[in-house]
Amino acid sequence: MEWLLGIGGALLLGVVTNLVYDFAKYGGSRVGSRLPAPRVRRASLSAAARAHDVRADGLAPLITWSAARPLSPGTLVTSYGGRVERPHVLDAVGWAEEVARQRAAGAAGRTAYISRLTVDHGEHSAARVCEVTIAESDYAECMATTGLGREDPEAGRLLREALDEGLTSFVAGAPPTMVSACVAVRDRAGRLLLLRRSLAVRTFPAQWTVGINETMKYRDEPGAAEDFYGLVHRALEEELGLLPADVGPAVITWLGWSEPASCYTLVATVRARLDAAEIDRRRDACHSTFEHDMAVWVPFTRRTVSALVEGGVCPDGSHRWSYLAPLVAREAWRAAQQKREA
């Protein structure tokens, strides 16, 4: 026992001697580096933000991805089905007639939606693939689906009942619509971009969004077809002037159905390699600058993101948040947390 106490005393004396020496030589600046740093768990969002249910905003989650089971360009398998003719849940409420009315009113343009979606839930990491078939739709079909989903109670009921049947059944019976990507953008310093939609846009004018939104187009030219990642990068280029080399990897964490827009919604987060001033300069000169009339960069902190999820005051003093803002803010936070834990 005496020899054990002697060894322990010698070790303790050595540690104390080293600390005294470091303090005398370096003024204490190096002392902290010699001690083990305790692991501090990053604060989570507020209880109210964590409890926020996006279903109350009209959003139905279909797939979520995590750091343990991420989506990547290598695990996303995309095929393109062209025009798909099949019965769907809105046939019974005059969908075809509404499409004809929209076309007669001038609605035109090629869009795209999901006609098949399967997820391999196998435990082997090499089998975790998401297989998506992208079909062609047009803007008149999108407007018909959106209009009936919003304004016709029977159409809304039919879509909700189809959602209750689960992902595979819903995708097989959903009407032609579109895929909309919401992309949360952080600058080099980590700040989060908020944008106010201008009065020139047709949908949700004067509302504040977290990041940007873009709709998938159907392109059958060789090399021009869009998958989820292609949509995200086109959105960044058209709305912010950012090229793939200007940002880190796009992290896609959420895919679901939006009742307010009657479309598929994708949520991604990117971290730019540029500062906010340079991104603002590019945004002012890019293709879709007319879509927004105000841009604000906010700290990406627990308090700020919690307030966004809880629906706090907008930067202009209003409360005109997009119904998507809580979802996108929360997913941006979740993506950042996953990166730290990876």
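## A walk through strands, helices and rings

Start by selecting I114: across from this residue stands I134, which belongs to β4. Before going on, note that you are looking at a predicted model, where local features need pLDDT of at least 70, side-chain atom pairs count only at pLDDT 80 or more, and totals for chains, interfaces and linings use all residues. Residues are numbered from 1 along each chain as its sequence is written, and side-chain values use heavy atoms, with hydrogens and water left out.

**Stop 1: the open sheet**

Now colour β3 and strand β4 (residues 130–138), which pair in the antiparallel sense over nine bridges. Strands, like helices, are DSSP runs numbered from the N terminus (helices: H or I, at least four residues; strands: E, at least two). Two strands pair if DSSP finds at least two bridges between them. Add β2, and you have an open sheet of three strands in the order β2-β4-β3, with mixed pairing. Its edge strands are β2 (76–82) and β3 (110–119), each pairing on one side only. From one strand to the next, the twist averages 25°.

Next, show helix α5 (residues 139–151), which lies across β3 and β4 and runs at about 100° to β4. Such angles run from 0 to 180 degrees between N-to-C directions, with axes fitted to C-alpha atoms, for helices over the stretch in contact.

**Stop 2: aromatic rings**

How many aromatic pairs does a search of the whole structure find? It finds six. Rings of Phe, Tyr and Trp (its six-membered ring) pair if their centres lie within 6.5 Å; planes under 30 degrees apart count as stacked, over 60 as edge-to-face and the rest as tilted.

Select F170 and W257, an edge-to-face pair with 4.9 Å centre to centre and 75° between the planes. This pair links distant parts of the chain, 87 residues apart: F170 is in helix α7 (residues 167–173) and W257 in strand β9 (residues 251–258). Both F170 and W257 are buried, a word that here means under 20% relative accessible area (exposed is over 50%, partly exposed in between; 1.4 Å probe, protein chains only). Add Y264 to the selection: F170, W257 and Y264 form one aromatic cluster.

Then move to F300 and W333. Their ring centres are 5.4 Å apart and their planes stand at 45°, so this pair is tilted. F300 lies in the loop between β11 and α10 (302–310) and W333 in helix α11 (residues 325–341), so the pair ties together parts 33 residues apart in sequence. Are these two buried or exposed? F300 is buried, with a relative accessible area of 8%, and W333 is buried too, at 5%.

**Stop 3: W297**

Select W297 in strand β11 (residues 292–298). W297 is buried, with a relative accessible area of 14%. Leaving out residues up to four places away in sequence, W297 touches several residues, among them V185, R186, D187, L192 and A276; contact means heavy atoms within 4.5 Å. W297 and D187 are 110 residues apart along the chain, yet their C-alpha atoms are separated by 8.5 Å. Look also at D280, whose side chain is joined to that of W297 by a polar contact of 3.1 Å.

**Last stop: zoom out**

Show the whole chain, with its eleven helices and eleven strands. Of its 342 residues, 47% count as buried. Among contacts between residues at least 6 apart in sequence, 74% join residues at least 24 apart.

Notes
Polar contact = N/O pair within 3.5 Å; in protein donor to acceptor, adjacent residues only side chain to side chain.
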